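Good morning, and thank you for the opportunity to speak. I would like to take you through one structure, beginning with a single residue and then turning to a bound strand.

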Amino acid sequence: MLKPRLVAESATTLYETLERPLAPVLARMEARGISVDRSILSHLSGDFAQRAAAFEAEAHELAGESFNLGSPKQLGEILFEKMGLEGGTKTKTGAWATGAGLLEGLALKGVPLARTIVDWRQLTKLKGTYTDALPTYINARTRRVHTSYSQASVLTGRLSSNDPNLQNIPVRTADGRKIRTAFVAAPGKLLVSADYSQIELRVLAHIADIGALKTAFEEGLDIHAMTASEMFNVPVKDMPSDIRRSAKAVNFGIIYGISAFGLANQLGIGRAEAGDYIKTYFDRFPGIKDYMEEQRRRVKAEGFVTTIFGRKIQFPNANSKNPAERSFVERASINAPIQGSAADIIRRAMIRMEPALKAQNIEADMLLQVHDELIFEIPTGTEELAIPAIKHIMESATEPAVRLSVPIAVDAHAAGNWDEAH
DNA sequence: TAGAGACGCCAC
DNA sequence: AAACGTGGCGTCTCTA
């Protein structure tokens with residue numbers, strides 16, 4: 001596969017500084033688990049099932065026949081063979097592609113079946129992956145859900161979570177957020193969610209030394225609106241939401257090792273227009289382009305890039321003869337120092353968290369980590385004490401090893417369930 | 001009937 | 001659709 005793997009040298013560095021001390025912390029988090037309300041999920045499951053059934057009947061009506069909506073093969077044949085629709089593309093194995101982006105495009109061209117399928121998929125996804133699956137993970141003895149964290153599965157140094165994965169609980173849509181309300185605090189307790197604000201863009205501003213970005217963070221500005229303002233010469237005040245949305249996509253694209261092709265797909269615009277956006281961005285923030293070129297150079301010359309703490313992330317195939325693979329490494333080498341530095345920061349915070357809270361006589365059990373977010377369970381009424389302490393530990397996690405040239409900000413809230421705490 | 005690959009989609 | 005990064009996991013489909 002294209003995917004580069006973690007190799008011994010970087011694993012050793014990670015092990016000594018961040019992995020060994022974190023292991024017992026993660027073991028305690030896994031053992032604590034989190035309370036998941038079975039009846040909330042059961043109620044949601046029934047609601048999702050009912051609504052999905054209505055979409056299924058509607059889809060069969062629109063298609064003029066009964067078929068398995070869960071089969072991309074059958075759906076592709078109906079859309080592009082039976083109905084003869086234009087705009088069909090094939091996946092790399094030659095099957096009709098029926099992903100959400102493509103169906104959205106068809107829906108906009110007036111194909112009602114496409115919208116119905118998207119809606120049906122949304123509900124059956126939430127039901128199958130979350131409301132039906134999560135209760136099967138409730139431990140009979142503890143009555144809580146216990147995930148497992150992996151410290152060495154992710155190339156960049158992030159953690160991963162499995163059995164069940166509690167790092168991909170829905171949040172984007174209203175129905176999805178209902179699932180978060182089922183993650184509840186024990187009686188007499190509250191959940192605290194504390195998340196780093198725009199941590200990867202802040203890391204980028206620091207590493208690439210982008211003055212305009214750093215100033216924006218220092219002044220607490222809306223970073224995507226500021227980017228939009230710079231790119232499109234529109235005042236931040238009264239920024240149109242679609243302009244801001246485009247700038248936000250560019251910001252994320254930069255972090256991921258942008259291409260005009262990828263940005264065009266993301267925004268549903270032409271490749272040339274996307275290319276213009278990127279060019280404008282590089283003109284306004286020339287340090288970004290320098291940063292990217294430096295990572296590409298280093299990964300080719302050294303075979304690794306580094307996080308702000310000096311941890312190496314290896315790319316053994318940086319000089320592959322396969323052009324697609326080289327491009328993949330280039331993009332990943334741009335992303336890895338950013339994602340990897342953010343991962344180092346939260347690991348340092350997690351390692352210090354429990355002793356630091358104990359020293360202040362603050363009772364707070366760390367339960368979950370979701371890349372830039374930590375979830376705690378605290379006694380009701382102690383939030384005024386716990387939240388500032390948690391924030392301080394997270395915000396100062398780079399020190400004394402690294403003093404960032406941008407402020408780090410953490411948002412934290414307490415509530416009875418994850419949705420309201422987030 | 002179990003396993004694996006393909007496809008699709010959830011999160012950050 | 002995906003050459004925009006990192007994962008985990010559900011169903012469908014084919015194969016042994």
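Helices and strands are DSSP runs, numbered from the N terminus, with at least four residues for a helix and at least two for a strand. Please keep in mind that this is a predicted model.

Let us begin with V145. This residue sits in the loop that lies between α5 (112–131) and β2 (148–150). Is V145 buried or exposed? V145 is buried, because its relative accessibility is 1% and the cut-off for buried is under 20%. Beyond its neighbours within four places in sequence, V145 is in contact with several residues, among them G33, I34 and V36, as well as L134, Y137, P164 and L166. A31 is 114 residues away from V145 along the chain, yet their C-alpha atoms are 9.3 Å apart.

I now turn to DNA strand C. It is surrounded by 39 residues, and the closest are S71, G99, D163, G262 and Q266. Of the strand's atoms that come within 4 Å of the protein, 70% belong to sugar and phosphate.

Which residue places a polar side-chain atom 3.1 Å from a base nitrogen of the strand? That residue is Q266. The side chain of N165 has an N or O atom 3.0 Å from a sugar or linking oxygen of DNA strand C. For Y256, a polar backbone atom is 3.2 Å from a sugar or linking oxygen of that strand.

Finally, α14 gives the most to the surface near DNA strand C, with 5 residues. By class, that surface has 23 polar, 10 nonpolar and 6 charged residues.

How values were computed. Residues are numbered from 1 along each chain as its sequence is written. Chains are lettered from A and ligands numbered from 1 in the order in which they are written. This is a predicted model: local features need pLDDT of at least 70, side-chain atom pairs count only at pLDDT 80 or more; totals for chains, interfaces and linings use all residues. Side-chain values use heavy atoms; hydrogens and water are left out. Buried means under 20% relative accessible area, exposed over 50%, partly exposed in between (1.4 Å probe, protein chains only). Contact means heavy atoms within 4.5 Å. A residue is near a molecule or strand if one of its heavy atoms lies within 4 Å of it. A polar contact is a pair of N or O atoms within 3.5 Å; within protein, one must be able to donate a hydrogen and the other to accept it, and residues adjacent in sequence count only if both atoms are side-chain atoms. Ala, Val, Leu, Ile, Met, Phe, Trp, Tyr, Cys and Pro count as nonpolar, Asp, Glu, Lys and Arg as charged, and the others, Gly among them, as polar.
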